[in-house]
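Please walk me through this protein model, starting from its aromatic residues and ending with single positions in loops and strands.

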Amino acid sequence: MPGPAHATKSEIVSSEAEDLILVDAEDTPVGFLDKSSCHDGKGVLHRAFSAFVFNDRGEVLIQKRAADKRLWPSYWSNSCCSHPRRGETMETAVRRRLHQELGLPPAEVRDLRYIYKFEYHAAFGAAGSEHELCSVFQAQFAGEPVINVTEIEDWAWVAPAELTRRLAEQSNRFTPWLRLEWPRVLEDV
């Protein structure tokens with residue numbers, strides 16, 4: 001659980017039954033499938049996003065995923081990652097999840113911008129896999145998060161050089177998508 005200085009809230013904001021947007025390699029929607037089925041076995045390619053939030057000191061917000069997550073529980077990851085809903089723009093989805101997971105008021109998230117998109121596949125043993133076409137975003141936020149403990153176990157602001165060092169020395173403690181995304185995100189910092 002987060003330390004005593006970390007403000008928290010508890011709210012269910014996602015479900016294994018919610019529909020994800022299935023896409024082809026060109027990001028053309030090809031259907032919908034529940035999140036649980038998308039993550040079974042080798043996974044089914046679906047639309048997703050990752051967000052990296054920086055503060056005014058240039059530090060990046062990282063989160064430790066909740067211990068009861070199906071895939072990569074208690075692993076450190078980027079600020080926020082999730083999936084857009086039917087009919088929702090990617091920017092709207094990013095702002096929604098930054099608010100739901102981290103308590104960042106949408107009006108206070110500044111300079112939200114798209115960086116790039118990539119496809120990846122990563123298996124988490126017998127528990128399932130991620131197979132995502134992931135859009136990566138960067139944003140600024142001046143305050144402190146109020147984490148949703150149903151999604152996040154802990155969080156920290158970390159200098160980019162420190163995150164790079166930790167990824168090199170302790171890569172097995174971080175999600176595979178963070179390890180893949182971070183070098184490209186650094187190019188835009």
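The paragraphs below take up the aromatic pairs, a helix contact and then a set of individual residues. The model is a predicted one.

We begin with the aromatic rings. The structure holds 8 aromatic pairs. In one of these pairs, the ring centres of W72 and W177 are 5.5 Å apart and the ring planes stand at 85°; pairs with planes over 60 degrees apart count as edge-to-face, so W72 and W177 are an edge-to-face pair. The two tryptophans come from distant parts of the chain, 105 residues apart. W72 belongs to the loop between β5 (60–65) and β6 (76–77), while W177 belongs to helix α4, residues 176–187. Both W72 and W177 are buried. They are also members of one aromatic cluster, which is formed by W72, Y75, Y116, F118, Y120, F124 and W177.

W72 has a further feature in its backbone. Its phi is near 55°, a positive value in a residue other than glycine. The relative accessibility of W72 is 5%, and the limit for a buried residue is under 20%, so W72 counts as buried. D111 can be set beside it: phi of D111 is likewise near 55°, positive in a residue other than glycine. D111, however, is placed in strand β8, residues 110–123. Is D111 buried or exposed? With a relative accessibility of 57%, D111 counts as exposed.

T175 brings us back to W72. T175 lies in the loop between α3 and α4, and its relative accessibility of 0% makes it a buried residue. Beyond its neighbours within four places in sequence, T175 is in contact with R65, W72, Y75, W76 and S77. Of these contacts, W72 and Y75 are also in the aromatic cluster.

The helices on either side of that loop also meet each other. The axes of α3 (residues 160–169) and α4 come within 11 Å and cross at roughly 145°. The crossing of α3 past α4 is left-handed. Which residues meet in this contact? From α3 they are P160, L163, T164 and L167, and from α4 they are L178, R179, W182 and L186. By type, the residues of this contact divide into 6 nonpolar, 1 polar and 1 charged.

Another ring has a charge as its partner. The charged end of R86 sits over the ring of F32, at 3.6 Å from the ring centre.

H83 is placed in the loop between β7 (80–82) and α2 (90–102). It counts as buried, with a relative accessibility of 7%. What does H83 touch, leaving aside its neighbours within four places in sequence? It is in contact with L20, K35, H39, H46, R47, A48, F49, R96 and E132. One of these partners, L20, is 63 residues away from H83 in sequence, yet the C-alpha atoms of the two are 6.8 Å apart in space.

R47, one of the contacts of H83, is also a contact of D27. D27 lies in the loop between β2 (19–23) and β3 (29–34) and has a relative accessible area of 15%, so it is buried. Apart from its neighbours within four places in sequence, D27 is in contact with R47, K117 and L133. A separation of another kind links D27 to I147: these residues are 120 places apart along the chain, and their C-alpha atoms are separated by 31 Å.

Q140 lies in strand β9, residues 129–140. It is buried, at a relative accessible area of 18%. Not counting residues up to four places away in sequence, Q140 touches V53, F54, N55, D56, E108, V109, R110 and D111. For V109, 31 residues from Q140 along the chain, the C-alpha atoms are separated by 5.8 Å. The list also takes in D111, the exposed residue of strand β8 discussed above.

D56, another contact of Q140, serves as a reference point for E18. E18 is in the loop between β1 (8–9) and β2 and counts as buried at 19% relative accessibility. E18 and D56 are 38 residues apart in sequence, and 35 Å separates their C-alpha atoms in space.

Technical notes
Residues are numbered from 1 along each chain as its sequence is written. This is a predicted model: local features need pLDDT of at least 70, side-chain atom pairs count only at pLDDT 80 or more; totals for chains, interfaces and linings use all residues. Side-chain values use heavy atoms; hydrogens and water are left out. Rings of Phe, Tyr and Trp (its six-membered ring) pair if their centres lie within 6.5 Å; planes under 30 degrees apart count as stacked, over 60 as edge-to-face and the rest as tilted. Helices (H or I, at least four residues) and strands (E, at least two) are DSSP runs, numbered from the N terminus. Buried means under 20% relative accessible area, exposed over 50%, partly exposed in between (1.4 Å probe, protein chains only). A charge sits over a ring if NZ of Lys or CZ of Arg is within 6 Å of the ring centre and within 35 degrees of the ring normal. Axes are lines fitted to C-alpha atoms, for helices over the stretch in contact, and angles run from 0 to 180 degrees between N-to-C directions. A crossing is left-handed if the near helix is turned anticlockwise from the far one by less than a right angle, and right-handed if clockwise. Contact means heavy atoms within 4.5 Å. Ala, Val, Leu, Ile, Met, Phe, Trp, Tyr, Cys and Pro count as nonpolar, Asp, Glu, Lys and Arg as charged, and the others, Gly among them, as polar.
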